[in-house]
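Dear colleague,

Please find below the structure that I am handing over to you. My findings follow directly after it.

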Amino acid sequence: MHLAYPAVLAALLFCTGLYGVLARRNAILVLMSVELMLNAVNLNLVAFDVWLRDSLHAGQALTLFTIAIAAAEIGIGLAIVLMVYRNRGTADVDRLRDTAEGHERDGMTPDSADSAHSANPATGAAA
């Protein structure tokens with residue numbers, strides 16, 4: 001078997017996944033692009049395992065570990081994306097902010113939010 005064919009295919013898959021990670025804004029599409037990159041790595045592992053005629057089949061064993069890690073990553077990643085979508089109403093990576101910055105979308109800066117929390121609710125004056 002020629003090693004060039006699967007290596008070129010894996011490079012194309014990896015570059016496509018890299019483009020998806022860098023250019024896409026939807027979190028689900030970013031996760032799919034990461035999966036595409038992992039599949040390119042799996043293809044390289046199996047191709048080099050066959051090419052080297054490894055008696056232990058270490059490349060195929062590492063591919064199984066990579067598939068297990070990818071399954072766990074996509075399960076946890078999708079759960080996080082779904083919870084963020086339920087709470088924020090968007091899966092756009094650019095719009096997602098840290099939860100500490102949640103006051104800024106209400107028109108309050110973090111400094112004014114801290115002073116609002118320290119104010120006395122009865123008089124409105126700062127404590």
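In H2, the residues Ala-27, Val-30, Leu-31, Ser-33, Glu-35, Met-37, Ala-40, Asn-42, Ala-47 and Asp-49 are buried, where buried means under 20% relative accessible area, exposed over 50%, and partly exposed in between (1.4 Å probe, protein chains only). The label H2 follows the numbering of DSSP runs from the N terminus, with helices being H or I runs of at least four residues and strands being E runs of at least two. The cover over these buried residues of H2 includes H1 and helix H3 (58–88), contact being defined as heavy atoms within 4.5 Å.

Please note that this is a predicted model, in which local features need pLDDT of at least 70 and side-chain atom pairs count only at pLDDT 80 or more, while totals for chains, interfaces and linings use all residues. Residues are numbered from 1 along each chain as its sequence is written, and side-chain values use heavy atoms, with hydrogens and water left out.

Helix H2 itself comprises 26 residues and spans 38 Å from its first C-alpha to its last, close to the 38 Å expected at 1.5 Å a residue; the expected span is 1.5 Å times one less than the number of residues. After H2 comes Arg-53, which has a positive phi near 55°.

Ala-47 lies in helix H2 (residues 27–52) and counts as buried because its relative accessible area is 4%. In space, its C-alpha is 6.5 Å from that of Pro-6, although the two are 41 residues apart in sequence.

As to the surface, a nonpolar patch is formed by Phe-14, Leu-18, Leu-22 and Val-41, which together have about 330 Å² of accessible area. Such a patch joins nonpolar side chains (Val, Leu, Ile, Met, Phe, Trp, Tyr) within 5 Å, from residues with over 30% relative accessible area and no salt bridge, that is, no side-chain nitrogen of Lys or Arg within 4 Å of a carboxyl oxygen of Asp or Glu. Helix H1 (residues 4–23) gives the largest share of the patch, 3 residues. Phe-14 belongs to H1 and counts as partly exposed because its relative accessibility is 33%.

For the protein as a whole, there are 4 helices and 0 strands. Of its 127 residues, 20% count as buried. The exposed area is about 9100 Å², with 66% supplied by carbon and sulfur atoms; accessible areas come from the Shrake-Rupley method with a 1.4 Å probe, and for residues only the protein chains shown count as cover.

With kind regards

Methods:
Patches are made of residues with over 30% relative accessible area and no salt bridge: like charges are joined within 9 Å, nonpolar side chains (Val, Leu, Ile, Met, Phe, Trp, Tyr) within 5 Å.
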